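User: I would like a close look at one part of this model, and then a walk outward from there. Please keep it brisk.

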Amino acid sequence: TQRRAQVIDVSTDEGLRAALRRLGPGVTVRIAPGEYRGGLFVERPRGTPERPAVIEGADPARPPVLLGQGEGLHLVAPQHVIVRHLVVRGSTGNGINIDDAGDLDTPARGVVLEDVRIERVGPTGNHDALKLSGLSGFVVRRCTFEGWGGSAIDMVGCHEGTLDGCRFVGLDGFSQSSGVQT
């Protein structure tokens, strides 16, 4: 029996936070254009290779913007999750942080970030635009990084990853210690 995909459309901060708690195989959280409060923390979002969990902007031409907070978005121990058509702006910690929850035996797997823009993170110190820890089999595609403190992309304990068609733009006032750190 094949289960149908589920789309959850959101247009408010509260709706976004509630929808992210329901993220699972075949579930797409589709975010309307506009500004949303960053600091989103999603623990153990799970999809499958055939039915990934998806977080996406509803209109790729007008992606939603996650503003400020320590981190724009933090995915803890994700499996087969796609994040696309989002902007993360003004985080004081990391823009997007994806990790394996410290469990070396079960890396985060099957994560895809595409058409994501992360900008104005930090502006100084070890504050990365995209922080990846303990991921395997991941893809970062057509993403733009503009102004960051530490690394644009910092990968620790990551394996079998692909960076494809990304753009890195330095800004005055940001330390931009490295572009890609592996």
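Leaving aside neighbours within four places in sequence, which residues is alanine 32 in contact with? Start there, then take in the charged pairs, the cysteines and the surface patch.

Analyst: This is a predicted model. Alanine 32 sits in the loop between strand S2 (27-31) and strand S3 (35-37). Setting aside neighbours within four places in sequence, alanine 32 is in contact with Val10, Ser11, Ala58 and Pro64. Its C-alpha atom is also separated by 7.2 Å from that of aspartate 9, and those two residues are 23 apart along the chain.

Now the charged pairs. The count of salt bridges comes to 11. Arginine 117 takes part in a salt bridge with glutamate 119, where the closest N and O atoms are 2.5 Å apart. Arginine 117 also meets glutamate 146 in a salt bridge, at 2.6 Å from N to O. Arginine 117 belongs to strand S11 and glutamate 146 to strand S15 (residues 144-146), so this pair ties together parts 29 residues apart in sequence. How covered are the partners? Arginine 117 is partly exposed, at 26% relative accessibility. Glutamate 119 is buried, at 8% relative accessible area. Glutamate 146 is buried as well, at 17%.

Another salt bridge joins aspartate 154 and lysine 131, with the closest N and O atoms 3.1 Å apart. This pair links distant parts of the chain: aspartate 154 lies in strand S16 (residues 151-156), lysine 131 in strand S12, and 23 residues separate them. Both aspartate 154 and lysine 131 are buried.

A network of salt bridges links Glu56, Arg84, Glu114, Asp115, Arg141 and Arg142.

Aspartate 128 makes a contrast. It is placed in the loop between strand S11 (112-119) and strand S12 (130-133). Aspartate 128 is buried yet has no salt bridge. The nearest side chain of opposite charge is lysine 131, at 4.1 Å. A salt bridge needs the nitrogen within 4 Å of a carboxyl oxygen, so that distance does not qualify. Beyond residues up to four places away in sequence, aspartate 128 touches Gly93, Asn94, Gly95, Val121, Gly150, Ser151 and Asp154. Asp154 in that list is the salt-bridge partner of lysine 131.

Gly150 and Ser151 come up again at serine 178. Serine 178 lies in strand S19 and is buried, with a relative accessible area of 17%. Apart from neighbours within four places in sequence, serine 178 is in contact with Trp148, Gly150, Ser151 and Ala152.

Strand S19 spans residues 178-181 and also holds valine 180. Valine 180 is partly exposed, at 39% relative accessibility. Together with Leu163 and Phe168, Val180 forms a nonpolar patch on the surface. The accessible area of these residues together is about 230 Å².

Last, the cysteines. The structure holds 0 disulfides. The sulfur of cysteine 143 has its closest cysteine sulfur in cysteine 166, and the 4.9 Å between them is too far for a bond. The cut-off for a disulfide is 2.5 Å, so this pair does not count. From the other side, cysteine 166 likewise has cysteine 143 as the residue with the closest cysteine sulfur. Cysteine 143 is buried, with a relative accessible area of 2%.

Terms used. Residues numbered from 1 in each chain as written. Predicted model: local features only at pLDDT ≥ 70, side-chain atom pairs only at ≥ 80, totals over all residues. Heavy atoms only, no water. Buried < 20%, exposed > 50% of the residue type's maximum accessible area, 1.4 Å probe, protein only. Patch = residues over 30% accessible without salt bridge, like charges linked within 9 Å, V, L, I, M, F, W, Y side chains within 5 Å. Areas by Shrake-Rupley, 256 points an atom, 1.4 Å probe, with all protein chains shown as cover. Helix = DSSP H or I, 4+ residues; strand = E, 2+ residues; numbered from the N terminus. Lys, Arg positive; Asp, Glu negative; His and termini not counted. Contact = heavy atoms within 4.5 Å.
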